[in-house]
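Me: Please take a close look at one pair of packed helices. I would like to know how the two meet, what lies around them, and what else in the model deserves attention.

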Amino acid sequence: MTKHISIIITLFLLAACSKEISQRSLPDFEPASLDQNGGNWKPILLTAPTDILIEEPLAVNSAAYQQELTEIQDLQRSISSADKKSIEKWKNSGIIRWNETARKLVAIYNIPPEANPDGTYPAPNAQNPGVYPKFPFANPPYASRAYAYLQVALYDAMVTTWHYKFKYNRMAPAVNSPAVEALEPIQETLPSYPSEDAVVADVAYRLLKVMFPNDSVMLDKERAEQKRAKLVSGLASPSDIRAGEAIAAQIAATTLARYRTDGMGQAGGNPTVWKELEAAAVGRGITMPWKSLELPARPGMLPLFGNVKQFLITTAQRDSLRPPPPPAIGSDEFKTALAEVKKMSEVKSGEVWRIAQLWSDGAGTYTPPGHWNEIACEAIAAAKFSELRTARALALMNMAIFDAGVSCWDAKTFYWYPRPSQVDPSIKTIGLPNFPSYTSGHSTFSAAAATVLGYIFPDKAAEYQAMSLEAAESRIYGGIHYRFDSEAGTACGNAIGSFAVKKGQADGSN
Amino acid sequence: MTNRIVKNTIVFAVLFLSSLDTIAQTAFDGFTMTKGELCLVADYGQMTWTEYWEGKRLRENLNVGKFTSKQFMPMIGYGITNRIAIFATVPHISNSSDAGYMAHMKGWQDLQMEAKIQLSKSRVWKGTLLTFGTVGFSTPVSDYIPDFLPYSIGLGANTVQARIIGHYKLDKGWFTTVQTGYIAKGKIKVDRETYYSDDQYYSNEMAIPDVWDGSIRAGFDNKRVRIGLQYNWMLATTGSDIRRNDMPYPGNRMNRESVALTGLFWIPGIKGLAINAMADQTIAGRNMGKSFGWMAGLQYVFKPFQKKQQ
């Protein structure tokens, strides 16, 4: 009997223990290079780092600076366990950590609003962000734009920071005073005026609180924690941090000015516009215009997102890159493509299903742009980039992703092409997106991201291309895209990615 | 002889039918089998819902419409001794709905095995009090997709469970049964590598909540018929709520309470053959469909290995 009982208990313990899930996390790393000429790199929205003005730092031997060092010594003497935890949390790339925060916020807000009882749909309101449906609905277009502006601002801010770091060459408190300890790994030859962490914390906070206003308290806590961690760890003095804050405030203002006037506010359109868009597509020969298959019918997602101002290309370039018209509905080419979707949609196991799910990144997730940000951050950590170089990689990739999204939405609205399930309602899916089919957003986003990442990490270029093609394929497997949607999206994404590559090649970082 | 067979029958679980995450609960009644007896059961049932609890909020979803789960459940039971019996079942489930464009799913779900041990038997007043313990496990028998709720046919987790049962039956046929158990569930591997539930998880693993469940039943049993009315509960011990207008996922806190009517009718003239039937109405829940389910089938109890009497 005792034996039996012990067997039962063992079984229970086994089942209980195995519930702990293992998560991926990035390795700790210290930047492999100082990138000390970084102040000469070409920024994106700024003309030059000198657009941003900060005060000259106090001399190391000044009484005021020495007083700052004494304050840090006091902080270190009375260090709390909370401070130690914060230092640990922020010791790696702050930019990657804020990128993760942005991804999490996107996942929280990426759920389409529930219909009203009368069959209409409520829209989130930025002026009243806390009521349902909470602002924002962080769908893939919204997310791609948020990631892009965040990373562009951080890149311009880092170039500016590097410019002043090596202009003034004032080192970290832990270097300037034998009485201040470095409580985390330190690059001793990297000047700490201005503090790059303070810049990152304040830029990220100022942008994300506009993008996700309900979470400003959490965001404020994060930025305060990051700055305090650097102060206590001996990496930044109060004046290093203040200089960083000054840079961040100016960069954030410049970036947000563009953010607020890039046309996103008009991207939703209205019932009159939607009718016009549909009629225009019909005029271009689309015999079965897209309609929402949701119940009740939901207005298409941001039909005028294709008019939002891009970073890398002009409107004329957007138009010239617009994919050629999709096959006529009912043509042989169309029927072949539709039959393929139908066939793949019936496979609900093995690699086909796995790939469809792996790249799905649908409602409630960080979106395909978020997925590629995660992939990029993993490569950045492995390559041990400096904060400056991290910012550059993420800015180039996210500009390409965002511009790809805009171009893709432009095509979607231009052609207003039906989803496979609209033509053949027996096609069931992994979850049907509520906007026109041609071209595939996943394919466009992914090709753009993979092209940029392949440029930054040439050793892995083939791997990224394969991933991007798999993401494109996944939409056919999921029953929601024709092969020609994916192929046209991939071609357009690659083209837009190469604009980012050209920008990277010319920015002085090589 | 007839009397003994009547006593030794099994009525199948009610909970199973109406709950995607309650793995088959067999043999949790208060009736026994004798040594050498084999029991074969084939049941078919359907469970439907049009409303579900999103967290604690009851709602409908026009893009799901009416959800239907069709289930075929073969089961086998065997009396190893007069006090110990074992049971095994593998249900086949087919899930669909009449609206929307989400893929439908079907297949063989989990093998569940249970051992039921009679712990005590005593005369109390004008009846008999029996107590039992059960231990069991379940494991998926196919590579079905657990992370596509509500269409997934199961949660894909390995489970182990233990249970106690108290059963009191008056000589005149009235009986009551109380049973409760704990089901420990493991984690599962899914195809997504990142997901958000109550936090962002960078993992292709999901933790499946343990469940505390049980039922209270009262009824009447004689050599022709057994009828019972019962209240069932199933409470997850952990898990998160479905977010507003989001999809469910396997780690949700899925709770359910229901009332069910069960019946077993012996077919005159064919020894050991009976029709069983049940109906189950969900009355409360969390992250579950507000379902109505029914099930019916045949069961046959016999002694295949018994030596012919001289």
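Reply:
**A helix pair in chain A and its surroundings**

In this predicted model, α7(A) and α9(A) pack with their axes 7 Å apart, at an angle of about 35°. The crossing of α7(A) past α9(A) is right-handed. From α7(A), the residues that make the contact are A:Glu196, A:Ala198, A:Val199, A:Asp202, A:Val203, A:Arg206, A:Leu207 and A:Val210. From α9(A), they are A:Asp240, A:Ile241, A:Gly244, A:Glu245, A:Ile247, A:Ala248, A:Ala249, A:Ile251, A:Ala252, A:Thr255 and A:Leu256. By class, this contact holds 12 nonpolar, 2 polar and 5 charged residues.

Now α9(A) by itself. The helix covers residues 238-260 of chain A, and its 23 residues at 1.5 Å each should span 33 Å. The end C-alpha atoms are 32 Å apart, so the expected and modelled lengths agree.

Which residues of α9(A) are buried? They are A:Ser239, A:Asp240, A:Ile241, A:Ala243, A:Gly244, A:Glu245, A:Ile247, A:Ala248, A:Ile251, A:Ala252, A:Thr255 and A:Tyr259. An α-helix has 3.6 residues a turn, so residues three or four places apart point the same way. That rule helps in reading the buried list, which includes A:Ala248, A:Ile251, A:Thr255 and A:Tyr259. Packed against the buried residues of α9(A) are α2 (63-77), α5 (140-168), α7 (196-211) and α8 (216-232) of chain A.

The domain assignment of chain A gives domain 1 as 38-260 and domain 2 as 270-505. Taken over C-alpha atoms, the centres of these two domains are separated by 31 Å. Domain 1 of chain A puts 33 residues into the contact between them, and domain 2 of chain A puts in 35. On the domain 1 side, α4, α5 and α7 of chain A are the elements that give two or more residues. The most come from α5(A), with 14 residues. Residue classes on that side of domain 1 are 21 nonpolar, 9 polar and 3 charged. In short, α7(A) packs against α9(A) and gives residues to the side of domain 1 that touches domain 2.

Chain A also touches chain B. This contact takes 41 residues from chain A and 37 from chain B. On the chain A side, α1 (2-17), α4 (94-109) and α13 (350-358) each supply at least two residues. The largest share there is that of α1(A), at 5 residues. The chain A side is made up of 20 nonpolar, 11 polar and 10 charged residues.

Two loops of chain A have backbone details to note. In the loop between α4 and α5 of chain A sits A:Pro136, which is joined to A:Phe135 by a cis peptide bond with omega of about 0°. In the loop between α13 and α14 (367-383) of chain A sits A:Asp361. Phi of A:Asp361 is positive, near 45°, in a residue other than glycine. Is A:Asp361 buried or exposed? A:Asp361 is buried, because 26 other C-beta atoms lie within 10 Å.

The partner, chain B, has 2 helices and 20 strands. Of its 310 residues, 52% are buried. Among contacts in chain B with a separation of 6 or more, 64% join residues 24 or more positions apart.

Chain B has comparable entries for its loops. The peptide bond from B:Leu149 to B:Pro150 is cis, with omega near 5°, and B:Pro150 lies in the loop between β9 (127-140) and β10 (159-170) of chain B. The loop between β17 (225-236) and β18 (255-266) of chain B holds B:Asn245. Phi of B:Asn245 is near 65°, positive in a residue other than glycine. B:Asn245 counts as partly exposed because it has 17 C-beta neighbours inside 10 Å.

Last, a strand residue: B:Ala218 lies in β16 (residues 211-221) of chain B. With 14 C-beta neighbours inside 10 Å, B:Ala218 counts as partly exposed. Leaving out residues up to four places away in sequence, B:Ala218 touches B:Thr176, B:Gly228 and B:Leu229. B:Thr89 is 129 residues from B:Ala218 in sequence, and their C-alpha atoms are 25 Å apart in space.

Key: Residues are numbered from 1 along each chain as its sequence is written. Chains are lettered from A and ligands numbered from 1 in the order in which they are written. This is a predicted model: local features need pLDDT of at least 70, side-chain atom pairs count only at pLDDT 80 or more; totals for chains, interfaces and linings use all residues. Helices (H or I, at least four residues) and strands (E, at least two) are DSSP runs, numbered from the N terminus. The expected span of a helix is 1.5 Å times one less than its number of residues. A residue is buried if 20 or more other C-beta atoms lie within 10 Å of its own, exposed if 12 or fewer, and partly exposed in between; C-beta atoms are placed from the backbone. Two residues are in contact if their C-beta atoms, placed from the backbone, lie within 7 Å. Ala, Val, Leu, Ile, Met, Phe, Trp, Tyr, Cys and Pro count as nonpolar, Asp, Glu, Lys and Arg as charged, and the others, Gly among them, as polar. Domain bounds come from an automatic or database domain assignment. Axes are lines fitted to C-alpha atoms, for helices over the stretch in contact, and angles run from 0 to 180 degrees between N-to-C directions. A crossing is left-handed if the near helix is turned anticlockwise from the far one by less than a right angle, and right-handed if clockwise.
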